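I sat down with a structure that was new to me and kept a few notes as I went. Come and look along with me.

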Amino acid sequence: ASLEKVFGSDIKFLLLNTWTDQQNANNSGKEYGIFDGTGLKLGSMNVNTGSWSDDGTGETYLSTNIGFNAIDANGDWQWLGGSWKNYDSNGGLRDSGSNTRTTQLVADLIADKEVSSELAATWSVDIKSVVVEEGSNLWTDPQGKQQTSTFTRYFADDEYGNDKFVGGTDTQDGVTRTVDANWNQLGQPSVDTGNLLTIGAKAYTETYGNAATVLKLLGGSST
């Protein structure tokens, strides 16, 4: 969710506080207040930088963390999400991620097809709204290849008003899996085929000599 979606288009930022660790100059932070056009405080943004060491490799990493909070109608603070990045000593990106939390009506999620029908069917009719937590992660594997994953988690109030996990989705390597409240997989994993090559594509034909035979057996076309 963008800041504009959460706070509106007419938002202002004011630097409220800064700090630096006297023992480690890599550790510092800034706090910004978020206000609307009338001067009403809507929330805050915290930007923190720091360093940490991997006990296994001895490598030192520099990290940046950004967090957002909002003030609800009751004057209570609500965490909205944030992002983080870790860099190695050479400035290379080790990993990064982000997540957001918003409250949405179940009817809207279903109408906009933002939640799978299989998952929505597992929810009680008493669940009218859910907290939607969305996030993404990027990291470099031991072979030096960057990997990405995304997730969506849904939470509803339990009998005590606390968040209760009611299902979600995970996507990695282009494959999306949907699970219910007990982490049981629902249906078969799905793949976005928009960027996938057909078996008759040149890249396949040059690599696999039997591509034409497979196409014939499957009744496909090489075009």
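Here are my entries, beginning with how to read the model.

**Ground rules.** I am working with a predicted model, where local features need pLDDT of at least 70, side-chain atom pairs count only at pLDDT 80 or more, and totals for chains, interfaces and linings use all residues. Residues are numbered from 1 along each chain as its sequence is written, and side-chain values use heavy atoms, leaving out hydrogens and water.

**The core.** I looked up the largest nonpolar core (buried Ala, Val, Leu, Ile, Met, Phe, Trp, Tyr and Cys residues joined through side-chain atoms within 4.5 Å) and found 13 residues in it. V115, W123, I127, V130 and Y154 have the most contacts inside this core. Helix 2 (106-111), helix 3 (117-120), strand 7 (129-140) and strand 8 (146-157) each supply at least two of its residues; helices (H or I, at least four residues) and strands (E, at least two) are DSSP runs numbered from the N terminus. Another core, of 8 residues, lies apart from it and includes I11, I34, A70 and L80.

**T152.** I found T152 in strand 8. Is T152 buried or exposed? It counts as buried, at 13% relative accessibility; buried means under 20% relative accessible area, exposed over 50%, partly exposed in between (1.4 Å probe, protein chains only).

**D163.** I then turned to D163, in strand 9 (residues 163-172), which is partly exposed at 41%. A polar contact of 2.5 Å joins the side chains of D163 and R101; such a contact is a pair of N or O atoms within 3.5 Å, and within protein one must be able to donate a hydrogen and the other to accept it, with residues adjacent in sequence counting only if both atoms are side-chain atoms.
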